[in-house]
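Colleague: I have a model open on my screen and would like to learn how to read it. Could you walk me through a few features?

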Amino acid sequence: MNNLLTIHGLRLQFGERVLLDIDHLDITPASAYVLTGTNGSGKSTLLRILCGLERARIDAASFMGEPISLWPYPSALRDAVLYVHQHPVMFSTTVEANVGYGLAARGIARAALAQRVADAMEWAGITHLHGTQPQHWSGGEKQRVALARARVLRPKLLLLDEPTANLDGPAREQVIGLIPTLLAEGRSVIMACHDRDLIGLPGVRRLKLKDGRLEMREPAISADSPP
Ligand SMILES: Nc1ncnc2c1ncn2[C@@H]1O[C@H](COP(=O)(O)OP(=O)(O)O)[C@@H](O)[C@H]1O
Ligand SMILES: [Mg+2]
C-alpha cells in the first residue's frame, strides 16, 4: 500500500538557527501519530509546513504515490490535509454555519450541506449547541466544533495542534475519544501534544522532534500484551 504522505529532506532555517532538519517522514493511511518535543522545538511549524501555511526546503515529497510540491500548495491537498489550530478561530455565527463553512465555500448544495453538518455535529457531540454562537461555548466545545468543521470536509490527514492543551476533565476526554473514530474512518492524524493519554491511545506512533531531527518510535507494547 502506498504511503499517504512521504517527505524526504525537509529543512528550515532562520538565520543561523536550523529549526528543522528532517531526513524523512512517512505517514501511512488510517494511522495516528503524536508529535512531541519541547516548547519551541518546531512542532507547530512542521504542521504548518505540511498544510502549506509555511515554506521549507523539501527535496522530494509524494502524496498517495504521486510526486508533489508543498510550495505552492497543490489544490488536491487543500481538501485532503487540514490543520486545526490550538486556539481555533470561531466565526461569529451559528454552530451550523461554523461547521459548514468549508462546505459552503466549496459550493456544496444546501440539502447535502445540512446533512453533512448534522452528521459532523452528531459525531463531535455538539448537537446541544444547535443555533448558538461561539460566545456561549466552552473551550472544549470550541475544540469539538473545530474538529467537526475539519472532519466534515472528509480529509485524509488531520493535523491537530495541541488539541487537548487547554482542556481538562471531561472536555479533554471527549476530544481524546474522537481520535480513534477518525482512524476507524480511514483518516490519518498527527497530533502535536504532550498529553500522556493521547500518546497512550492504542496503535499511536510517536514522532519526536529534538534539535531539529525527527525520531520515530513504534507504539509501546501495552502492559496487558503477552511478552
Ligand atoms: N518566521 C520565523 N522566524 C523566526 N523564527 C521563527 C519563525 N517561525 C517560528 N520561529 C521559531 O521557531 C521555533 C519553533 O516554534 P514552534 O513551531 O511554534 O514550536 P513548538 O510548536 O514546538 O512549540 C520558535 O522558537 C519560534 O520562535
Ligand atoms: Mg506549538
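Modeller: Gladly! Keep in mind that this is a predicted model. Let's begin with the largest pocket, whose lining residues divide into 15 nonpolar, two polar and four charged.

Colleague: How many residues line the largest pocket, and which lie nearest its centre?

Modeller: The lining has 21 residues, and those nearest the centre are Leu82, Tyr83, Val84, Arg149 and Leu153. The volume of this pocket is about 620 Å³.

Colleague: Which element gives the most to the lining of the largest pocket?

Modeller: That is β6, with four residues. Look for β6 (81-84), α4 (101-105) and α6 (139-151), since each of them supplies at least two residues of the lining.

Colleague: Let's move on to helices. How do I check the length of α5?

Modeller: Count 1.5 Å a residue: the 15 residues of α5, 110-124, should span 21 Å, and the end C-alpha atoms are 21 Å apart, so the two values agree. Just after the helix comes Gly125, with a positive phi near 70°.

Colleague: And how do I work out which way a helix faces?

Modeller: Here is the general idea: an α-helix has 3.6 residues a turn, so residues three or four places apart point the same way. Next, find the buried residues, those under 20% relative accessible area.

Colleague: Which residues of α5 are buried?

Modeller: They are Leu113, Arg116, Val117, Ala120, Met121, Trp123 and Ala124. Seen down the axis of α5, the buried residues fall within an arc of 155°, so they line one face of the helix. Among the elements that cover them are α3 (95-99), α4, α6 and α7 (169-184). Ala111 and Glu122, on the other side of α5, are exposed.

Colleague: What about Ala114, in helix α5?

Modeller: Ala114 counts as partly exposed, because its relative accessibility is 43%. You can also use Ala114 to practise distances: Tyr73 is 41 residues from Ala114 in sequence, and their C-alpha atoms are 29 Å apart in space.

Colleague: How many of the 13 residues of α6 are buried?

Modeller: The count is 11 of the 13, so α6 is largely enclosed by the rest of the structure. Its buried residues include Gly140, Glu141, Arg144 and Arg149, and the buried residues of α6 pack against β6, α3, α5, β7 (157-161) and α7. The length check works here too: 13 residues at 1.5 Å each should span 18 Å, and the end C-alpha atoms are 18 Å apart, which agrees.

Colleague: Could we zoom in on one residue of α6? What does Gln143 touch?

Modeller: Leaving aside residues up to four places away in sequence, Gln143 touches Val84, His85, Gln86, Pro88, Pro163, Leu167 and Val175. Gln143 has a relative accessible area of 4%, so this residue counts as buried.

Colleague: Finally, what should I look for in the backbone?

Modeller: Try the omega and phi angles. Trp71 and Pro72 are joined by a cis peptide bond, with omega about -5°. Pro72 sits in the loop between β5 (66-68) and α2 (75-80).

Colleague: Where do Ala30 and Glu162 lie?

Modeller: Ala30 is in the loop between β2 (17-27) and β3 (32-36), and Glu162 is in the loop between β7 and α7. Ala30 has a positive phi of about 50° although it is not a glycine, and Glu162 has a positive phi near 50°. Their surroundings can be read too: Ala30 is partly exposed, with a relative accessible area of 36%, whereas Glu162 is buried, with 11%.

Key. Residues numbered from 1 in each chain as written. Chains lettered and ligands numbered in written order. Predicted model: local features only at pLDDT ≥ 70, side-chain atom pairs only at ≥ 80, totals over all residues. Heavy atoms only, no water. 1 Å grid on protein atoms, 1.4 Å probe; cavity = no way out; pocket = protein on both sides within 12 Å on 5 of 7 lines; lining within 4 Å. Points joined across faces, edges and corners; volume = space filled by probe spheres on them. Nonpolar A, V, L, I, M, F, W, Y, C, P; charged D, E, K, R; others polar. Expected span 1.5 Å × (residues − 1). Buried < 20%, exposed > 50% of the residue type's maximum accessible area, 1.4 Å probe, protein only. Arc of directions from axis to C-beta. Contact = heavy atoms within 4.5 Å.
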